[in-house]
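Here is a briefing on one protein structure. Please look at the model first, then read the notes by topic.

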Amino acid sequence: MTVVGWLQIILIFLAVLACAVPLGSYIGRVFAGERTFLTPVLAPVERGLFHLAGVSPDKEQTWLGYALGMLAFNAGGFLLLYALLRFQGLLPFNPQGFSGLTPDLAFNTAVSFVTNTNWQSYGGETTMSHLSQMAGLTVQNFLSAATGIALAVALVRAFARSGAATVGNIFTDITRATLYVLLPLAIVTGLLQVAMGTPQTLVASTTVHTLEGADQTLALGPVASQLSIKQLGTNGGGFFNANSAHPYENPSPLSNALTIWQMLVISVALVFAFGRLIGDRRQARAILSVMALLLVVAIGVAYWAESAGTPILQAAGLDPAGGNMEGKEVRFGVAGSALFAAVTTGLSDGAVNAMHGSFTPIGGMVPMVLMMLGEILPGGVGSGLYGILVIAVVSVFVAGLMVGRTPEYLGKKIEAKEMKMAMLAILILPVAILGFSSVSAVLPTALSGLGNAGPHGLSEIYYAYTSAVGNNGSAFGGLSANSPWWNTTLGIAMLLGRFAYIVPMMAMAGSLVAKPKLAPSAGTFPTHGPLFVGLLAGIILILGGLQFFPALALGPIAEQVQMLAGKSF
């Protein structure tokens, strides 16, 4: 680890914080229905969209209507994207002449982008037409991110309102999230990425004459427009197979810093918007403190592990001062790679600028653990906020049990129904990850896709299902996932991780919004101070540790022991 490396990390975080505070205030005004500086330009567009869709923006829905509307909207998006991918070979804007995707790959890809996962069992530049990239994948990058923001706002309204019956209108919230938040930021940052060297063209490829005297064909396409929203919406799916390690997606250390800023800024801003919408910014600072504390620790562990290198590389005569550079881009170095790996998995982004499977066992375990903790540090746009609020409900319940008080959070009593729904949502993660992993670890069809045996191979399995259920989308590397077994089971895992979590969360919101909002009393447990910060952080770690430590012991921890013993990993 170096001072320069830590300075890079600190400067990026300061840039995120400086922009997230005003952006959070702006998002709060958007969802409170207040006028913003973009209202004169976007309000007519918004009214036109509502008119065309037949949506009455002021007609609110109960939690059930909101959830059903969300499910129907996403089901429609899935069907349209699936059809586009299957019939890609017959449609225009296909200069490469790519054929349609197989049924299992089309299913996996459509589910992946609708659920904000962006797991990719294919290479983008060798599989997808420009139409599929633009009208299919990029559109879903906007809509899946907007869905997450809308759901988070609905849960926040449940805490903010008193004795109400409705939590908002799903179609109004998705429209405003797209029009007022995602689209303006995507346009601005997309132009910045073009200025930094990212292509934006309908030309399929270009041929260059290399220094070695050979001709090489380089794939091109509408890269910047997809790249900007893939990061802002914490989607993560790359235009190219190498994702953000590709020089056209991430050409320089400056673009790497911009990419990390894009991933973090909306998720952090939503926490500040939460404080504004509930009328208590101290609560937002407490939530953000937990997110920052655990994320910084994870970054530190990954940076330390990768900087230390490995005994095997040192035995081969390589300079240990450079750290473990296997699978990393020289232009980013260890610091930029470790920071990116922790941020992309602390979020639900899934973009990668280095191959996580080439990290040291402990370094590679960090992104896996961050996903197993629920991807709430700070989590995907919207999903991170509603995920940590669900765990906050569990935390105050635990605090109430310890001190004999009736648990409350933000003025709402936490009772049996809320706890049942919260635990049902939380249990989706371990049940799906461990269930699918256990079957795949013994099934020959699944094992044939592994690139490694032993603990590293087991880590490939854990990582794939953890990434799918957590709606992250990053891959450990080494796993050949484009097969019916992996495409189908990972697709089901993504659906469970997204929608089987959302429905009980929305049921909890429906119960909370109907309750009266109580004023704080002398017996109220304060949820804005350091005691609550420590409690919430502890609950997050305890839940993750109890659920996944045995699995980690058989995978990356066992691999670390092998490495220290001088064996190949």
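**Briefing**

Asn243 sits in the loop between helix 8 (223-232) and helix 9. Helices here (H or I, at least four residues) are DSSP runs, numbered from the N terminus, as are strands (E, at least two). The model is predicted: local features need pLDDT of at least 70, side-chain atom pairs count only at pLDDT 80 or more, and totals for chains, interfaces and linings use all residues. Residues are numbered from 1 along each chain as its sequence is written, and side-chain values use heavy atoms, with hydrogens and water left out.

**Backbone features in loops**

- Asn243 is not a glycine, yet its phi is positive, at about 60°.
- Asn243 counts as buried because its relative accessibility is 6%. Buried means under 20% relative accessible area, exposed over 50%, and partly exposed in between (1.4 Å probe, protein chains only).
- Asn471 is not a glycine either, and has a positive phi of about 55°.
- Asn471 belongs to the loop between helix 17 and helix 18 (484-513), and comes just after helix 17.
- At 7% relative accessibility, Asn471 counts as buried.
- Leu377 and Pro378 are joined by a cis peptide bond, with omega about 0°.
- Pro378 is placed in the loop between helix 13 (361-372) and helix 14 (383-403).

**Helix 17**

- Helix 17 covers residues 454-469, which is 16 residues.
- From first C-alpha to last, helix 17 reaches 23 Å, close to the 22 Å expected at 1.5 Å a residue. The expected span is 1.5 Å times one less than the number of residues.
- Of the 16 residues of helix 17, 15 are buried, so the helix is largely enclosed by the rest of the structure.
- Ser459 lies in helix 17. Ser459 is buried, with a relative accessible area of 1%.
- Ser459 touches Met368, Phe476, Gly555, Pro556 and Glu559, not counting residues up to four places away in sequence. Contact means heavy atoms within 4.5 Å.

**Nonpolar cores**

- The largest nonpolar core has 119 residues. A nonpolar core is a set of buried Ala, Val, Leu, Ile, Met, Phe, Trp, Tyr and Cys residues joined through side-chain atoms within 4.5 Å.
- Helix 9 (residues 253-278) supplies the largest share of this core, 15 residues.
- Ile266, Phe274 and Tyr409 have the most contacts inside the core.
- The contacts of Phe274 are Val156, Gln283, Ala284, Ile287, Leu385, Leu389, Tyr409 and Leu410, not counting residues up to four places away in sequence.
- Another core, of 32 residues, lies apart from the largest core. Met368, Leu429, Val469 and Met494 are among its residues.

**Salt bridges**

- A search of the whole structure finds 11 salt bridges. A salt bridge is a side-chain nitrogen of Lys or Arg within 4 Å of a carboxyl oxygen of Asp or Glu.
- Arg276 and Glu34 form a salt bridge through their side chains (3.2 Å, N to O). Arg276 is in helix 9 and Glu34 in the loop between helix 1 and helix 2 (39-53), so the pair ties together parts that are 242 residues apart in sequence.
- Arg276 counts as partly exposed at 24% relative accessibility. Glu34 also counts as partly exposed, at 37%.
- Arg282 pairs with Asp280 in a salt bridge, with the closest N and O atoms 3.1 Å apart.
- Arg282 is partly exposed at 39% relative accessibility, whereas Asp280 is buried at 18%.
- Glu306 and Lys328 meet in a salt bridge (2.6 Å, N to O). This pair links distant parts of the chain, 22 residues apart: Glu306 is in helix 10 (residues 281-308), and Lys328 is in the loop between helix 11 (311-315) and helix 12 (333-346).
- Both Glu306 and Lys328 are buried.
- Glu415, Glu418 and Lys515 are joined into one network by salt bridges that share partners.

**Surface patch**

- Met1, Leu293, Val297, Val301 and Trp304 form a nonpolar surface patch, with about 480 Å² of accessible area together. Accessible areas come from the Shrake-Rupley method with a 1.4 Å probe; for residues, only the protein chains shown count as cover.
- Patches are made of residues with over 30% relative accessible area and no salt bridge: like charges are joined within 9 Å, nonpolar side chains (Val, Leu, Ile, Met, Phe, Trp, Tyr) within 5 Å.
- Met1 is in the segment before helix 1 (3-31).
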